[in-house]
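Got your viewer ready? Please load the model and follow along one selection at a time.

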Amino acid sequence: MLSALLRSTAERDSRAFRLLYEATASHLFGLLVRMLRQRDWAEEALQDCYLRIWNRADSYAPEKGHPLAWMMTIARYRALDLLRARRELVSIDDDSGRPELVSALPGPDEDAGTQEGMHHLEHCLAELPSEQREALLLAYYEGYTHPELAQRMASPLGTVKSWVRRGLQRLRECLSP
Amino acid sequence: MSRLNGPARDYLAASYVLGTLTARARAGVQRRLRRDTDLTDRVQFWEAEFSRLHRGRATVLPPDHLWHLISEKTVNKAPPTIEPAAMLARRHRRDAANDAEATPSAATATVNPGFWRVWAVAASLLSMVLGGALIQRLVAAPDAVIIAEAPQPYLGVLAVEGGRWLVRVPVDGGFIQVRVEGAPKVDRNRSPELWWIGGDGAPRSLGLLPMDGAVQLESTDLAPSDAPVLAVSMEPRGGSKTGKPTGPVVVQFPVIRDL
């Protein structure tokens, strides 16, 4: 359904774009609020995202994954670009407006939609040592750089870097057929 | 980067998708993705895998007024005033090796006329002050303190015989606004292409310049710099095929943030 809406959006069907927005905006906004931590920034970023989706709907192809995943990637990259640009100006120990981290892994109930049960990725993540898993998930969900991760996890920078590196390597091995 | 072995390339792709890279490294990967299909494949692999992690995350309903703001810029916006130039720019972008998520693509939109009125006055004053000469930085770097609002955009005036382009580049990515004043004289077999030269010294294409009217170009991966430069080169029709300027640079301008 989302694929059809994206296709129609590419053909400049304004009703389809509206429906697409209504079906997906809360997902993108949830991500942006979590990563950017300031509602006004998230609101601006959401506008940027849908402007981009409107302009780029024709570049979506099914091999790029589920339409919502494609749109979430646009939102995540927009948030990362904004965070990186902002953190050049903002001291990284500024914790104002940063909510406490909620449970980093989706709980089993939250993933009840899958018929096949646990996906391969979650399985592979679960196999990682806890500090590697936590570093990867914090980076993914919160948009932290290595120094920010080190601060957040109260561990030396080199240690955190190697958690990330080893975690990614093990994930890659686990995900390879 | 091309000399990296498989595991190192994979780590770079994963770090890009994960988001642990610095702004500069991110921009480097984004540039690389336009012509490195192997790296693109690796990025797409990680994007597909990690996108699973969004399942079940909290959703937040955006305020109602956001749709109105979005619709004004999309479904309800007036037709672009200079569609041909924008189409050219867009086609040029599509010629790039791939269309990875972070690679900018050109887009058209009309520009708030009030903004241009103010900007045209500022540009005229600026031209008087500069007298056409290159200048060094006019403004000090922004204070390294917490800044809640968006940073000042970069402004540039690129004058050639017959006319000039006014360019506004947001610091944190998003839409670059370009407006033509007068009728810049350009060889009919050439396309004027706009370049950004940031801290890494490498020219980065922002797209083809329109010959009249106004256009918005999208860009998110500019190399940051204290004193970036905008430049215009005359390229074969449709723009540079190499990703670098190949024709003569007809004008350059060290951009400023404010008067």
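Here is a short tour of chain B, going from the whole chain down to one pair of residues.

**Stop 1: the whole chain.** Keep in mind that this is a predicted model. Select chain B and colour it by secondary structure: you will find six helices and eight strands. Now follow the chain from its N terminus: six α elements come one after another, and the β elements follow them.

**Stop 2: inside and outside.** Switch on the surface of chain B, which comes to about 11,800 Å² of accessible area. Carbon and sulfur atoms account for 55% of that surface. How much of chain B is buried? Of its 259 residues, 52% are buried. Turn to contacts between residues at least 6 apart in the sequence of chain B: 66% of them link residues at least 24 apart.

**Stop 3: an open sheet.** Next, select four strands of chain B, β5, β4, β7 and β8, which lie in the order β5-β4-β7-β8 and pair in an antiparallel way. Which strands stand at the edges? They are β5 (203–208) and β8 (249–254) of chain B; each has a single partner strand, so one side of each has no neighbour in the sheet. Rotate the view to look for the twist, which averages 30 degrees from one strand to the next.

**Stop 4: one strand pair.** Zoom in on β7 of chain B, residues 229–236. Five bridges join β7(B) to β8(B), and the two run antiparallel. For a last selection, pick B:A231 and look across to β8(B), where B:Q252 stands opposite.

Notes: Residues numbered from 1 in each chain as written. Chains lettered and ligands numbered in written order. Predicted model: local features only at pLDDT ≥ 70, side-chain atom pairs only at ≥ 80, totals over all residues. Heavy atoms only, no water. Buried < 20%, exposed > 50% of the residue type's maximum accessible area, 1.4 Å probe, protein only. Contact = heavy atoms within 4.5 Å. Areas by Shrake-Rupley, 256 points an atom, 1.4 Å probe, with all protein chains shown as cover. Pairing = 2+ DSSP bridges. Axes fitted to C-alpha atoms, helices over the stretch in contact; angles between N-to-C directions.
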